[in-house]
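Please open the structure in a viewer that allows selection by residue number. The tour below proceeds one selection at a time.

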Amino acid sequence: MDNMHLFSAPVNMDADGALKLLEAVGLPMETASVIAVKVDFTKPCPMCLPAICDALREKGCLAFLADTAPGYGDALKALWYAGSNGYDRAGAPCVLADGVKGTDYELIPARGVKLLRSAKFGRAILDADAILSVTELTVDEGGYCGVIHDLGYGCASRAGKTEVQTSGKPVVDASKCIGCKQCTTVCEHGGARMDPDTNKATIFPPKCSGCMRCMRICPTGAIHPNFDVSDAAVQSKIAEYAKALCDARPHAHIMMAAGNVYACADPVQLDQVCAEALGIPKSFTAGIEHLLTLREG
Ligand code: SF4
Ligand code: SF4
């Protein structure tokens with residue numbers, strides 16, 4: 001593979017070193033431009049982040065550290081994590097990009113992909129003039145979490161996270177259904193139907209648009225997202241989210257792996273090089289493979 005555009009630096013680099021790295025990967029840094037520095041508030045603040053913030057400030061950029069609400073539960077938890085993990089001392093303000101309830105998102109088109117037509121990202125990230133992802137590579141039972149995951153899942157709003165993790169259409173837990181028919185009444189597509197034999201609701205996938213209105217109206221919580229989706233399908237959808245984001249805004253990427261900082265303008269190349277160097281099995285990197293296949297065309 002052509003690695004000509006992959007750069008590295010020590011994790012304890014200073015602001016000058018960080019600036020060289022950002023210039024090398026072509027991050028646009030015009031004076032007063034707003035840069036969303038995507039980080040993961042749930043992980044410890046990377047050692048190199050203060051140098052990156054200093055470098056952006058020296059260039060006159062208006063940088064902020066961005067993460068999004070977790071998929072479930074209290075959205076504000078992410079900001080508590082930011083404080084306890086040291087991001088509030090990194091040199092740029094911390095922002096919850098999809099708002100305090102995880103509902104503030106913008107829909108953008110997903111072009112040149114196979115599984116999605118659009119993607120939902122935290123609005124503050126799309127308000128930025130450019131995106132710089134700063135990712136700490138992790139590999140665990142949840143899979144390979146590199147740049148593509150940080151962009152496609154980490155920048156997605158709560159609705160976007162649900163979209164990539166599920167089949168996009170709900171299912172009914174018959175044991176909780178009381179047969180009230182509120183779901184069939186609210187459904188405008190004929191996707192929610194009553195089974196005349198059991199008087200329980202069911203979802204008819206060919207008609208269901210995935211709007212989730214039935215889920216919100218159900219008084220017993222019988223309707224829920226369908227998480228019965230393969231890991232490969234989830235990774236591929238996350239990868240398509242990442243592509244949509246990179247198509248929408250100028251971007252550059254920094255990843256900490258094996259005690260070094262690596263930087264690249266191309267998230268796919270950066271993930272691929274790190275995954276190969278660490279010998280990550282292909283079953284963990286379906287998102288990378290999916291984007292490479294899309295590129296081949
Ligand atoms: S709204 Fe809920 S409880 Fe009522 S029929 Fe539909 S699934 Fe059953
Ligand atoms: S998700 Fe929307 S379209 Fe699908 S069954 Fe529920 S209300 Fe109908």
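**Two domains and their contents**

The centres of domain 1 and domain 2, taken over C-alpha atoms, are separated by 36 Å. The model is a predicted one. To colour the two parts, select 7–164 together with 230–296 for domain 1, and 168–225 for domain 2, as the domain assignment of the protein chain gives them.

**The open sheet**

Next, display the strands in the order E1-E15-E14-E7-E2-E3-E4; these 7 strands form an open sheet with mixed pairing. Which strands stand at the edges? They are strand E1 (7–10) and strand E4 (94–96); each has a single partner strand, so one side of each is left without a neighbour in the sheet. Neighbouring strands of this sheet are turned against each other by 25 degrees on average, direction ignored.

Remain at the E4 edge and select strand E3 (residues 62–67), which runs parallel to E4 and is joined to it by 3 bridges. Ala-66 may then be picked out: its bridge partner in E4 is Val-95.

**Helices across the sheet**

Select helix H1 (residues 15–24). H1 lies across E1, strand E14 (251–257) and strand E15 (260–264), and runs at about 170 degrees to E1. Then add helix H10 (residues 267–277), which lies across E14 and E15 and runs at about 15 degrees to E14.

**Where two helices cross**

Keep H1 in view and add helix H2 (residues 49–58); the axes of H1 and H2 come within 8 Å and cross at roughly 75 degrees. That crossing makes H1 roughly perpendicular to H2. Which residues of H1 meet H2? Show Ala-15, Gly-17, Ala-18, Leu-19 and Leu-22 on the H1 side, and Ala-51, Ile-52, Asp-54, Ala-55 and Glu-58 on the H2 side. By class, the residues of this contact comprise 7 nonpolar, 1 polar and 2 charged.

**The ligand shells**

Now centre the view on ligand 1, which has 13 residues around it. The nearest of these are Cys-177, Cys-180, Cys-183, Ala-201 and Cys-218. The shell around ligand 1 divides into 9 nonpolar, 3 polar and 1 charged residues.

Finally, move to ligand 2 and select the residues that come nearest to it: Cys-187, Gly-191, Cys-208, Cys-211 and Cys-214, out of 15 residues around this ligand. How many residues of each class does the shell around ligand 2 have? There are 9 nonpolar, 4 polar and 2 charged residues in that shell.

Notes
Residues numbered from 1 in each chain as written. Chains lettered and ligands numbered in written order. Predicted model: local features only at pLDDT ≥ 70, side-chain atom pairs only at ≥ 80, totals over all residues. Axes fitted to C-alpha atoms, helices over the stretch in contact; angles between N-to-C directions. Helix = DSSP H or I, 4+ residues; strand = E, 2+ residues; numbered from the N terminus. Parallel < 35°, antiparallel > 145°, perpendicular 65-115°, else oblique. Contact = placed C-beta atoms within 7 Å. Nonpolar A, V, L, I, M, F, W, Y, C, P; charged D, E, K, R; others polar. Near = placed C-beta within 6 Å. Pairing = 2+ DSSP bridges. Domains from an automatic or database assignment.
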